[in-house]
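Please open the structure in your viewer and keep the sequence beside it. The tour below suggests what to select at each stop and describes what you will find there.

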Amino acid sequence: MGSVDELASFFERIADLDEIKGELRFKVLAYRRAAETIRSIGESVLGIDDVKKLRQFPGIGEGIAKKISEYNRTGLIARLEELKDEMPIELVALLKIPNLGPRRAKLLYDELGVRSVVDLQGAAEAHRIAGLKGLGPRVEQNILEGIRLMQAHAGRLLLPQAYQISGEILGGLREALPGLVAERAGSLRRMKETVGDIDVLATWHSPKQLMEIFCGLPIVERVIARGDTKSSILTREGIQVDMRVVEADQWGAALQYFTGSQPHNVRLREIAKKKGLKVNEYGVFLVKNGEKLAGADETSVYEAMGLGTPPPELRENRGELEAALEGTLPSLVGREDIAGDFHVHTQASDGYSSLEDMRETASALGYAWLGITDHAENLKVARGLTTSKILDQIEAIRALNRKAGPYLLAASELNIGNDGEVDYDEDVLAELDFTIASIHGGFRQEREQLTRRMVQAMENPHVRIIGHPTGRVIGQRPPYEVDMDAVLQRAAETGTALELNSFPDRLDLADEYLLRARQLGVKIALGSDAHRAEHLEYMFYGVATARRGWLEPEDVLNTMALEQLLEWLRRPKM
Ligand code: DGT
Ligand code: CA
Ligand code: CA
Ligand code: ZN
């Protein structure tokens with residue numbers, strides 16, 4: 001019996017190897033889509049060998065159905081086995097390296113016999129790549145940079161993935177042990193954009209029983225270490241989870257300690273010391289006689305030192321303990337403050353869901369409004385809307401708005417061109433409720449040009465928001481070489497908002513820029529960048545990142561009610 005994950009990953013491998021081989025683009029895409037479709041269908045695709053039955057699933061065509069049937073019968077897909085005979089499967093790892101496309105991977109394999117990341121690094125360092133036809137020293141440098149980027153994040157997990165896995169673990173434990181007190185700790189509780197490992201803390205009257213259940217969870221691939229108070233396991237995806245059990249009367253102190261961060265804890269101990277106190281994972285104590293002042297809950301731990309409790313997202317020693325001392329901790333924006341989403345794609349451009357589906361999900365999330373921002377015409381690869389198509393869409397949106405439901409804003413994600421120009425004629429732009437402008441090409445330009453492009457776009461009265469302002473893709477693409485101080489400054493002067501793109505591998509702006517934006521009074525617009533209806537839920541991680549940037553409801557445009565937002569959009573921005 002196979003698994004959905006395995007089946008989907010077989011299709012992904014076929015796509016990867018076909019891509020390296022140089023197969024037609026649409027074929028490769030069809031396999032990638034098949035993998036996605038299989039993951040969204042889930043278990044019910046397994047065990048069926050009748051091709052006709054398989055074809056009844058939406059999105060499954062004849063060719064894919066035959067391969068699924070083959071897998072369900074034999075556990076293998078012959079096409080993949082053939083490809084593996086033609087090329088080493090390790091080549092697939094090369095596709096994960098930023099700045100190295102499939103064509104180059106194939107060239108390097110054919111010419112230099114490169115079949116792994118180690119081979120590739122060796123070839124680049126020995127300058128054997130620069131000598132190849134069509135490549136050169138610049139490409140070689142880019143490849144080395146790509147390897148470094150990948151390694152810097154190696155083993156670090158994107159927040160959404162970690163959050164979800166930890167949710168499964170907590171759910172499994174609570175189901176087995178009703179009444180269990182358990183929480184996330186570490187960088188995961190601080191909602192850092194990537195986490196090194198998953199830390200879980202619990203208190204339970206029988207630690208032994210708890211550890212037994214933890215180590216036996218279905219998600220566990222291997223137990224790394226098993227003790228009475230601490231165990232570590234590896235999940236099937238290769239992620240480490242540390243589980244600690246503590247006594248109920250030290251729960252708060254332990255939660256505080258293991259949430260960190262380390263710099264926060266160091267600063268906290270300094271503050272305690274000045275007050276004649278000692279704090280550790282067991283509690284807060286008077287130094288003079290060892291009397292225990294607190295430990296059972298986290299708030300009382302901070303309180304015993306004369307401090308307010310900083311939300312976990314703030315605990316990076318960036319001034320939160322000083323604020324906690326003075327009673328000036330911010331009231332951070334929360335998911336419940338969010339009235340809508342500024343950045344959504346539909347099947348009109350490169351998304352997968354219809355306007356209606358997007359609206360329905362927005363309604364389920366309790367939104368009052370939703371900005372529809374399909375790609376604009378200059379972005380051909382994302383099927384950007386031509387003028388006639390965007391006009392049709394505006395009409396469709398206005399028609400939908402006559403029915404009850406969240407108000408759809410007719411908008412667009414424009415492309416910032418090489419001279420800062422954007423798509424569409426003036427009259428189309430005037431017809432739209434707002435626009436986001438983003439850089440989608442020319443990432444490698446000089447700092448000056450990139451900055452000039454962004455500034456130019458911000459000076460356009462139709463551009464309300466700059467999309468994913470630093471352009472990073474976590475672990476894959478570094479931020480643009482843009483002068484963010486200049487951008488933030490000009491954003492403040494022109495009244496242009498900056499996006500906090502909430503897609504899992506973007507989270508762009510990052511928290512350190514949000515802190516600076518807030519100081520300058522630059523407004524932040526949260527966008528899920530959803531390409532299908534379920535992606536709207538990525539807003540949760542955007543809010544978490546906003547909180548790490550100390551943002552309060554008034555810093556975030558998404559907290560505006562519909563009337564307030566429309567009013568804001570009617571006012572000229574400068
Ligand atoms: P990560 O996992 O790399 O994303 O970062 P953290 O912050 O989750 O670090 P981790 O998992 O090593 O430890 C979790 C927290 O426990 C950490 O934020 C602070 C606390 N902690 C653990 N071990 C130590 C230690 O040896 N010294 C100090 N000061 N704190 C520690
Ligand atoms: Ca951790
Ligand atoms: Ca850990
Ligand atoms: Zn974009």
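The stops that follow go from the domains to the bound ligands and then to a few single residues.

This is a predicted model, in which local features need pLDDT of at least 70 and side-chain atom pairs count only at pLDDT 80 or more, while totals for chains, interfaces and linings use all residues. Residues are numbered from 1 along each chain as its sequence is written, chains are lettered from A and ligands numbered from 1 in the order in which they are written, and side-chain values use heavy atoms, with hydrogens and water left out.

**Stop 1: the domains**

Begin by colouring domain 1 (4–153), domain 2 (157–245), domain 3 (250–326) and domain 4 (335–570) separately; these bounds come from an automatic or database domain assignment. The centres of domain 1 and domain 2, taken over C-alpha atoms, are separated by 32 Å.

**Stop 2: ligand 1**

Select ligand 1 together with the 15 residues around it, of which Arg156, Ser187, Gly196, Asp199 and Gln262 come nearest; a residue is counted here if one of its heavy atoms lies within 4 Å of the molecule. Look next at the oxygen atoms of the ligand: one oxygen atom is 2.6 Å from a polar side-chain atom of serine 187, an oxygen atom is 2.8 Å from a polar backbone atom of glycine 196, and an oxygen atom is 3.0 Å from an N or O atom in the side chain of arginine 156. Taken alone, ligand 1 exposes 600 Å², and the protein buries 68% of that, where accessible areas come from the Shrake-Rupley method with a 1.4 Å probe.

Now show the helices, which are DSSP runs (H or I, at least four residues) numbered from the N terminus, as are the strands (E, at least two). Helix H11 (186–189), helix H13 (251–259) and helix H14 (262–274) are the elements that give two or more residues to the shell around ligand 1, and H13 gives the most, with three residues. Domain 2 (157–245) and domain 3 (250–326) each supply at least three residues of this shell.

**Stop 3: the calcium ions**

Which residues coordinate the calcium ion (ligand 3)? Select Asp197, which is listed with two OD donors, along with Asp199 (OD) and Asp242 (OD), at 2.3 to 2.9 Å; donors are N, O and S atoms within 2.8 Å of the metal (3.2 Å for Na, K and Ca), and water is not among the atoms, so sites may look incomplete. Aspartate 197 also bridges the calcium ion (ligand 3) and the calcium ion (ligand 2), which lie 3.7 Å apart. Aspartate 199, which was also among the residues nearest to ligand 1, is buried, with a relative accessible area of 10% (buried means under 20%, exposed over 50%, partly exposed in between, with a 1.4 Å probe and protein chains only).

**Stop 4: the zinc ion**

Move to the zinc ion (ligand 4), whose protein donors are Glu413 (OE), His440 (NE2) and His468 (NE2), lying 2.0 to 2.3 Å from it. Histidine 440 lies in the loop between strand S14 (434–438) and helix H20 (447–459) and histidine 468 in the loop between strand S15 (463–466) and helix H21 (484–494), so the pair ties together parts that are 28 residues apart in sequence. Histidine 468 counts as buried, at 2% relative accessibility.

**Stop 5: two single residues**

Finally, select histidine 375 in the loop between strand S12 (369–372) and helix H18 (387–400), and then methionine 454 in helix H20. Histidine 375 counts as buried at 6% relative accessibility, and methionine 454 counts as buried at 1%.

Methods:
Polar contact = N/O pair within 3.5 Å; in protein donor to acceptor, adjacent residues only side chain to side chain.
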